[in-house]
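Biologist: I am new to this structure and would be grateful for a close look at a single part. Please take the aromatic rings and their surroundings, and then lead me on to the charged side chains.

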Amino acid sequence: NDATITDNVGNNGPATWTGAPINSSGTRDGTREVHQIVKVTNKVSNTLTISPALYYAYDIATYDAEVLETSLMSGAGVEDLWLERVTASSNYQESTGVGLILTTGCWVKNVKTRYMDGGGVRMTYSFQDEVRHCDIGPNGLLNTSGHNYGIFTFGNGGYHLIIDNFL
């Protein structure tokens with residue numbers, strides 16, 4: 001962690017649910033709070049060119065940078081769909097309307113959701129996705145999870161286009 005901008009201690013102690021790397025027990029150790037998903041556009045020897053640029057100028061003398069490779073699903077979307085939850089759930093991850101997980105260049109368009117305990121659209125570890133012309137909500141009327149979101153991102157990711165939605 002770069003202590004000038006973050007630490008891994010929350011209200012309930014160390015945030016071991018976030019960051020990288022995954023340790024030998026299969027859980028995250030919370031030592032890498034700042035991370036970003038980028039696309040590698042070129043590689044020459046040990047030099048990578050990425051897009052977009054890094055959000056932050058890391059102090060490489062004190063911050064041991066790490067690159068993790070992952071595959072993202074791309075070019076898929078959900079369009080013209082109505083989703084309505086009819087039973088309550090305490091697990092918000094199982095009760096999200098549409099989930100974009102490990103995706104890039106994917107979309108949710110003209111989707112209507114009602115009573116999703118975990119929210120209408122959830123983007124997790126996703127990059128450059130699009131959500132437009134959606135009607136999200138009301139959410140949480142059956143909720144026992146405490147997670148009432150319209151459209152939300154979780155984990156790394158970003159550079160999404162979220163436009164012209166009704167929440």
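Modeller: A residue counts as buried when its relative accessible area is under 20%, as exposed when that area is over 50%, and as partly exposed in between. The model discussed here is predicted. By the cut-off just given, Phe127, at 3% relative accessibility, is buried.

Some context for the whole chain will help before the rings are examined. The protein chain has zero helices and 14 strands, and its pattern along the sequence is accordingly one of strands throughout, β-β-β-β-β-β-β-β-β-β-β-β-β-β. Of its 167 residues, 31% count as buried. Among the contacts in the chain with a separation of 6 or more, 62% are between residues 24 or more positions apart.

The aromatic rings come next. A pair of aromatic rings is described by the distance of the centres and the angle of the planes. Searching the whole structure yields two aromatic pairs. One of them is formed by Tyr55 and Tyr159, whose rings are stacked, with 6.0 Å from centre to centre and 15 degrees between the planes. Tyr55 belongs to the loop between β4 (47–51) and β5 (73–74), whereas Tyr159 belongs to the loop between β13 (151–158) and β14 (161–163), so this pair ties together parts that are 104 residues apart in sequence. Tyr55 is partly exposed, because its relative accessibility is 46%. Tyr159 is likewise classed as partly exposed, with a relative accessible area of 43%.

The other pair joins Phe127 to Tyr159 in an edge-to-face arrangement, with 6.3 Å from centre to centre and 70 degrees between the planes. Phe127 is located in strand β10 (residues 121–127) and Tyr159 in the loop between β13 and β14, so parts that are 32 residues apart in sequence are tied together by this pair. Tyr55, Phe127 and Tyr159 thus make up one aromatic cluster. Within that cluster, the ring of Phe127 belongs to a buried residue, while Tyr55 and Tyr159 are partly exposed.

Strand β10 also holds Arg122. Arg122 counts as buried, because its relative accessibility is 8%. The side chain of Arg122 is in polar contact with the side chain of Thr124, at 3.2 Å.

A further ring, that of Trp82, leads on to the charged side chains. The charged end of Arg114 sits over this ring, 5.8 Å from its centre. Arg114 is buried, at 13% relative accessibility. Side chains of opposite charge can pair when their charged atoms come close. Two salt bridges are found when the whole structure is searched. In one of them, the side chains of Arg114 and Asp135 meet, with 3.1 Å between N and O. This pair links distant parts of the chain, since Asp135 is in strand β12 and Arg114 in strand β9, 21 residues apart. Asp135, with a relative accessible area of 21%, is partly exposed. Arg114 therefore takes part in two arrangements: its charged end sits over the ring of Trp82, and its side chain forms a salt bridge with Asp135, the former residue being buried at 13%.

The other salt bridge is between Glu130 and Arg132, whose closest N and O atoms are 2.5 Å apart. Glu130 is partly exposed at 26% relative accessible area, and Arg132 is also partly exposed, at 23%.

The strand pairing places these charged residues in their setting. Strand β6 (residues 77–84) and strand β9 (residues 107–114) run parallel and are joined by seven bridges. In that pairing, Val78 stands opposite Val108 of β9. Strand β9 also runs parallel to strand β11 (residues 130–132), to which three bridges join it. Here Trp107 is the residue opposite Glu130 of β11, and Glu130 is the partner of Arg132 in the salt bridge described above. Two bridges connect β9 with strand β12 (residues 135–136), again in parallel. Lys112 stands opposite Asp135 in β12, and Asp135 is the residue whose side chain meets that of Arg114.

Technical notes. Residues are numbered from 1 along each chain as its sequence is written. This is a predicted model: local features need pLDDT of at least 70, side-chain atom pairs count only at pLDDT 80 or more; totals for chains, interfaces and linings use all residues. Side-chain values use heavy atoms; hydrogens and water are left out. Two strands pair if DSSP finds at least two bridges between them. Helices (H or I, at least four residues) and strands (E, at least two) are DSSP runs, numbered from the N terminus. Rings of Phe, Tyr and Trp (its six-membered ring) pair if their centres lie within 6.5 Å; planes under 30 degrees apart count as stacked, over 60 as edge-to-face and the rest as tilted. Buried means under 20% relative accessible area, exposed over 50%, partly exposed in between (1.4 Å probe, protein chains only). A charge sits over a ring if NZ of Lys or CZ of Arg is within 6 Å of the ring centre and within 35 degrees of the ring normal. A polar contact is a pair of N or O atoms within 3.5 Å; within protein, one must be able to donate a hydrogen and the other to accept it, and residues adjacent in sequence count only if both atoms are side-chain atoms. A salt bridge is a side-chain nitrogen of Lys or Arg within 4 Å of a carboxyl oxygen of Asp or Glu. Contact means heavy atoms within 4.5 Å.
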